[in-house]
Amino acid sequence: KAIRRQRQMCIRDSTTDELRRRGFTVFDSATNFLFATTDRMPCVEIFEKLRARGILIRHFNAPRISDYLRITIGTPEQMQRFFAALDEILGE
């Protein structure tokens with residue numbers, strides 16, 4: 001159990017770094033998800049384009065958090081797929 005938690009923390013930290021490298025603002029997290037935003041594209045549009053590619057993250061249509069995404073930390077393979085799709089979307 002401790003090994004799994006340590007692995008997830010490493011994936012979370014590398015995901016945070018990768019998002020920040022792409023210009024996202026990411027809140028520090030001690031959980032299995034990240035709360036992030038960017039001004040590169042409206043977050044609702046990123047959410048919709050990821051969903052169309054079969055990648056599910058959360059977007060909340062609430063006034064104070066509508067410009068944020070909630071990204072759950074997955075396996076390394078899932079996160080690679082997420083970043084491949086994200087890079088494709090941001091490159092459009």
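In this predicted model, a convenient place to begin is Gly 54, which follows helix H2 and has a positive phi, near 80°. Helix H2 itself spans residues 43–52, and its buried residues are Cys 43, Ile 46, Phe 47 and Leu 50. Seen down the axis of H2, these buried residues fall within an arc of 100°, so they line one face of the helix. The cover over the buried residues of H2 includes strands E2, E3 and E4, together with helix H3 (76–91).

The strands that help to cover H2 belong to a sheet, which is described next. Four strands make up this open sheet, in the order E1-E2-E4-E3, and their pairing is antiparallel. Strand E1 (25–26) and strand E3 (58–59) are the edge strands, each of them pairing on one side only. Helix H1, made of residues 2–21, packs on the sheet and touches E1, E2 and strand E4 (69–72). The direction of H1 makes about 10° with that of E2.

The sheet can be followed from one edge to the other, pair by pair. At the E1 edge, two bridges join E1 to strand E2 (residues 33–37), with the two strands running antiparallel. Thr 25 stands opposite Thr 37 in E2, and Val 26 has Ala 36 in E2 as its bridge partner. The connection from E1 to E2 is a hairpin that passes through six residues. Moving on, E2 pairs with E4 over four bridges, again in the antiparallel sense. Here Leu 34 stands opposite Ile 71 in E4, while the bridge partner of Phe 33 in E4 is Thr 72. At the E3 edge, E3 and E4 run antiparallel and are joined by two bridges; Arg 58 stands opposite Arg 70 in E4.

Strand E4 also shows how the two faces of a strand can be told apart. Leu 69 and Ile 71 make up the covered face of E4, whereas Arg 70 and Thr 72 make up the uncovered one. Arg 70, on that uncovered face, places its charged end over the ring of Phe 33, 3.7 Å from the ring centre. Phe 33 is thus linked to E4 in two ways: through Thr 72, its bridge partner, and through the charged end of Arg 70 over its ring.

Two residues of helix H1 give a closer look at the surroundings of this helix. Thr 15 is placed in H1 and, at 1% relative accessibility, counts as buried because the cut-off for that class is under 20%. Leaving aside neighbours within four places in sequence, Thr 15 is in contact with Leu 34, Ile 73, Met 79 and Phe 83. One of these contacts, Leu 34, is the residue that stands opposite Ile 71 in E4. Gln 8 is found in H1 as well, but its relative accessibility is 31%, so Gln 8 counts as partly exposed. With neighbours within four places in sequence again set aside, Gln 8 is in contact with Asn 32 and Ile 73. Ile 73 therefore appears in the contacts of both Thr 15 and Gln 8, where contact means heavy atoms within 4.5 Å. Gln 8 and Pro 76 are 68 residues apart in sequence, yet their C-alpha atoms are 9.2 Å apart in space.

Aromatic rings add a further set of links. The count of aromatic pairs comes to four. Phe 27 and Phe 35 form a tilted pair, 6.2 Å centre to centre, with 35° between the planes. Phe 27 is partly exposed, with a relative accessible area of 42%, and Phe 35 is also partly exposed, at 21%. The rings of Phe 27 and Tyr 68 have centres 5.8 Å apart and planes at 35°, so this pair is tilted too. Phe 27 lies in the loop between E1 and E2, and Tyr 68 in the loop between E3 and E4, so the pair ties together parts that are 41 residues apart in sequence. Taken together, Phe 27, Phe 35 and Tyr 68 form one aromatic cluster.

Conventions:
Residues are numbered from 1 along each chain as its sequence is written. This is a predicted model: local features need pLDDT of at least 70, side-chain atom pairs count only at pLDDT 80 or more; totals for chains, interfaces and linings use all residues. Side-chain values use heavy atoms; hydrogens and water are left out. Two strands pair if DSSP finds at least two bridges between them. Axes are lines fitted to C-alpha atoms, for helices over the stretch in contact, and angles run from 0 to 180 degrees between N-to-C directions. Buried means under 20% relative accessible area, exposed over 50%, partly exposed in between (1.4 Å probe, protein chains only). The arc is that of the directions from the helix axis to the C-beta atoms. Rings of Phe, Tyr and Trp (its six-membered ring) pair if their centres lie within 6.5 Å; planes under 30 degrees apart count as stacked, over 60 as edge-to-face and the rest as tilted. A charge sits over a ring if NZ of Lys or CZ of Arg is within 6 Å of the ring centre and within 35 degrees of the ring normal.
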